[in-house]
Amino acid sequence: MHIFFLSLLFSILYVSALAKSGDDVEKVFIFLPHGLHFTPLKANIQEPRIGLFKFLDAGEMKVDIGNSIDVFELSIPTKDIKFTVGIDFMAYALTTNTEGLRLQIDAIDGFFGGNLSFSKSIDRQSIQSRLRILHHSAHFVDGHFNATTNTWINNRPPIPYTRDFGEIIAVHSLTQSFGYIRYYGGISYASLVRPPDFKRYAYQGGAELVFDKLFGTILEQPTNLYVAYHISLLGTPAYSSANQIQVGVKFGNWFKKGTTIYLAYYNGRHMFAEYYSDRLTTIGAGFTVDFF
């Protein structure tokens, strides 16, 4: 994780240096700015969020707990340019059933690290990029263990899964008369992978289409209908894809806090890294809460 801390330190120093530079361009430096500069990609499962996704064709649920916070912001208003440095902490868990009122947690994937984001607005368009440096580890937990027989369920013990990686994503956003369009692509490289035969490079892309005027307002808050698609390619060790398409409604400003309900179809590599060799096809319903 020394790469993350060095990158974060460099980002802070870089933003601070820009804030103190002595040219004639007006700059605004903010510690703990409001909102979130780079909002999470809706259909990407590896984004910080709070909510859950219930498989409608099985008893499992994916429960998300996490958030992203911008710590420093540097903007150049006359050029419509903004830089932010932020922190990401998140995890998602696989629940298989309940025992009384206690959820049985089978597996969990955890991430922590930080990001450096950039945006440049041009008329009704925006160019954005986000660099994330993250540690990702996966675990089986007590819901995957049979205490009666003292064995792992399905005779499947945990593997030491770890991925320390840097990820860069480029985004093009457009404001239209009906709402917004956002499409993107990215690549990541892992400095550390376990198991060691996993590929270090991974790839992703996707798009979002938002209609912010179809449903009007509810309790004086805007309502947004959206469709989102995401694809990722990860070598575990052979490259395989994971695809998700979402259709949902967000109550509240699209770029600010609110709550979302959605339906989703997922197909491809399993969501949880401990099941990296399995394929998963499911349809489900979920909700998230945004704290932007």
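This report looks at the enclosed spaces of a predicted model and at one nonpolar patch on its surface.

## Ground rules

Residues are numbered from 1 along each chain as its sequence is written. Because this is a predicted model, local features need pLDDT of at least 70 and side-chain atom pairs count only at pLDDT 80 or more, while totals for chains, interfaces and linings use all residues.

## Cavities

How many cavities of 30 Å³ or more does a search of the whole structure find? There are six. A cavity here is a set of points on a 1 Å grid over the protein atoms alone where a 1.4 Å probe fits but cannot get out, and lining residues have an atom within 4 Å of a point. Volume is the space filled by probe spheres set on the points, which are joined across faces, edges and corners.

The largest cavity holds about 350 Å³. Its lining has 32 residues, with Asn44, Gln46, Ser232, Leu234 and Arg269 closest to the centre. The second largest has about 230 Å³; among its 24 lining residues, Lys42, Arg49, Gln246, Tyr262 and Thr288 lie nearest the centre.

## A surface patch

Turning to the outside, Leu56, Val227, Tyr229, Ile245, Val247, Leu263, Tyr265 and Ile283 form a nonpolar patch with about 700 Å² of accessible area together. Such patches join nonpolar side chains (Val, Leu, Ile, Met, Phe, Trp, Tyr) within 5 Å, from residues with over 30% relative accessible area and no salt bridge (a side-chain nitrogen of Lys or Arg within 4 Å of a carboxyl oxygen of Asp or Glu). Areas come from the Shrake-Rupley method with a 1.4 Å probe, and for residues only the protein chains shown count as cover.

Leu263 counts as exposed because its relative accessibility is 51%, and exposed means over 50%.

Methods
Heavy atoms only, no water. 1 Å grid on protein atoms, 1.4 Å probe; cavity = no way out; pocket = protein on both sides within 12 Å on 5 of 7 lines; lining within 4 Å. Patch = residues over 30% accessible without salt bridge, like charges linked within 9 Å, V, L, I, M, F, W, Y side chains within 5 Å. Buried < 20%, exposed > 50% of the residue type's maximum accessible area, 1.4 Å probe, protein only.
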